[in-house]
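These are my notebook entries on one structure. I list what I looked up, entry by entry.

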Amino acid sequence: MDLHRIAEEIENCQLEGREMEKITLRHPALTVADAYQIQALCTERALARGDRLVGWKMGLTSVAKQRSVGVEEPIFGRLPASLELHEPVVHGHRLIHPRVEPEIAFVFKQHLGGANVTPRDVWLATECVLPALEVIDSRYQNFSFTLVDVIADNASAAGFIVGDQGYSPYHTAWDEVGVALFKNGEVMQSGTGAAVLGHPVKSVVELAHMLARDGLSIEPGMVVLTGGITEAIHVAAGDVVEARFDGLGSLTLRIEG
Ligand code: OOG
Ligand code: MG
């Protein structure tokens, strides 16, 4: 099994917004470790073209999200600079069946890594916490995949935007922050930070542990998306999505054709 070839195929689909068959149909023996290797190879291809790794994303950290895709354990993905949105607009032409979800993001001022990282270590290493919106878009037909497939497809990462205002990590109890997600003015989903593994900080702890297994870590300046607080909502060209975070303002994204 040539992991480089599989990575090339997935990355082309990511770049072109093209659907593909689940890789596990053709390669049923692929392991979770292989899938993370494929993910890493896809990112290496992007970096070779001048992209930059700006952080990590956690995925499937809430029961709502796990149920909606039928995969019951957290995963991580890589965030290249090219996925960050600097304007509240998503261009839909390279997306297949995009969804949007509200998240809490951490930005780091210190290195954080190792199998023994605790919540206290996370607070010490954190520069600020921000509200965020993530765009996900599985490259697999029908947004249907197994654990191995979704890891290889970089946890469906397709774009993200973080708020302009950063908050001190001690600004509020992040597990108590409520968020309501609107599409075209209508509320579609709501939840609180506690949906993310009980507290978003635990998602960062879990990430550090998972990264440590692969000899990786969180570096100063990196952003971490801790995982969708609610189920992701389907979006199409013309939609406007707004996430209102209690006491932290709101984030908007317009989907363009
Ligand atoms: C996997 C990615 C999940 C999250 O925040 O849970 C994710 C998927 O649902 O396609 O980004
Ligand atoms: Mg997400």
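**Entry 1: cavities.** I searched the whole structure, a predicted model, for enclosed space and found one cavity of 30 Å³ or more. I recorded a volume of about 110 Å³ for the largest cavity. I then looked up its lining, which has 18 residues; Lys57, Leu60, Lys65, Ile136 and Ala155 are the closest to the centre.

I next asked which elements each supply at least two residues of this lining. They are β1 (53–59), α4 (63–69), β4 and β5. Strand β1 gives the largest share, with three residues. By residue class, I noted nine nonpolar, four polar and five charged residues in the lining of the largest cavity.

**Entry 2: the loop between α6 and β6.** Ala155, which I had listed among the residues closest to the centre of the largest cavity, is found in the loop between α6 and β6. I looked up its backbone angle and found a positive phi of about 55°, although the residue is not a glycine. Is Ala155 buried or exposed? I noted it as buried, because its relative accessible area is 6% and the limit for burial is under 20%.

Asn154 belongs to the loop between α6 (147–152) and β6 (157–162) as well. Its phi is also positive, near 50°, in a residue other than glycine. I entered Asn154 as buried, since its relative accessibility is 9%.

**Entry 3: the magnesium ion.** Which residues coordinate the magnesium ion (ligand 2)? I found Glu101, Glu103 and Glu134, each through OE, at 1.9 to 2.0 Å. Along the sequence I wrote the spacing of these donors as E-x1-E-x30-E. Glu101 lies in strand β4 (residues 99–108) and Glu134 in strand β5 (residues 126–136), so I recorded a link between distant parts of the chain, 33 residues apart.

I then checked the accessibility of two of the donors. Glu101 is buried, at a relative accessible area of 3%. Glu134 counts as buried too, at 1% relative accessibility.

**Entry 4: nonpolar cores.** In soluble globular proteins, nonpolar side chains tend to be buried together. I therefore looked for such groups here; the largest nonpolar core has 74 residues, and I placed this beside the general tendency. Within this core, Ile38 and Ile218 touch the most other members. Helix α7 (residues 200–213) contributes the most to the core, with seven residues.

I looked up the contacts of Ile218, leaving out residues up to four places away in sequence. Its partners include Trp56, Phe108 and Leu112, and also Val204, Leu207 and Leu211. Gln110 and His111 are among the partners of Ile218 as well. I also noted a second, separate core of 13 residues, with Leu83, Ala105, Ala132 and Leu225 among its members.

**Entry 5: Val129.** I turned to Val129, which lies in strand β5. What is the relative accessibility of Val129? I found 0%, so Val129 counts as buried.

Leaving out residues up to four places away in sequence, I listed Ile104, Ala105 and Phe106 among the residues that Val129 touches. Its other contacts are Gln165, Gly166, Tyr167, Pro169 and Trp174. Of these partners, Ala105 is a residue I had already entered as part of the second core. Finally, I looked up the separation of Val129 and Val179, which are 50 residues apart along the chain, and found 15 Å between their C-alpha atoms.

Methods
Residues numbered from 1 in each chain as written. Chains lettered and ligands numbered in written order. Predicted model: local features only at pLDDT ≥ 70, side-chain atom pairs only at ≥ 80, totals over all residues. Heavy atoms only, no water. Donors = N, O, S within 2.8 Å, 3.2 Å for Na, K, Ca; no water. Helix = DSSP H or I, 4+ residues; strand = E, 2+ residues; numbered from the N terminus. Buried < 20%, exposed > 50% of the residue type's maximum accessible area, 1.4 Å probe, protein only. Core = buried A, V, L, I, M, F, W, Y, C linked by side-chain atoms within 4.5 Å. Contact = heavy atoms within 4.5 Å. 1 Å grid on protein atoms, 1.4 Å probe; cavity = no way out; pocket = protein on both sides within 12 Å on 5 of 7 lines; lining within 4 Å. Points joined across faces, edges and corners; volume = space filled by probe spheres on them. Nonpolar A, V, L, I, M, F, W, Y, C, P; charged D, E, K, R; others polar.
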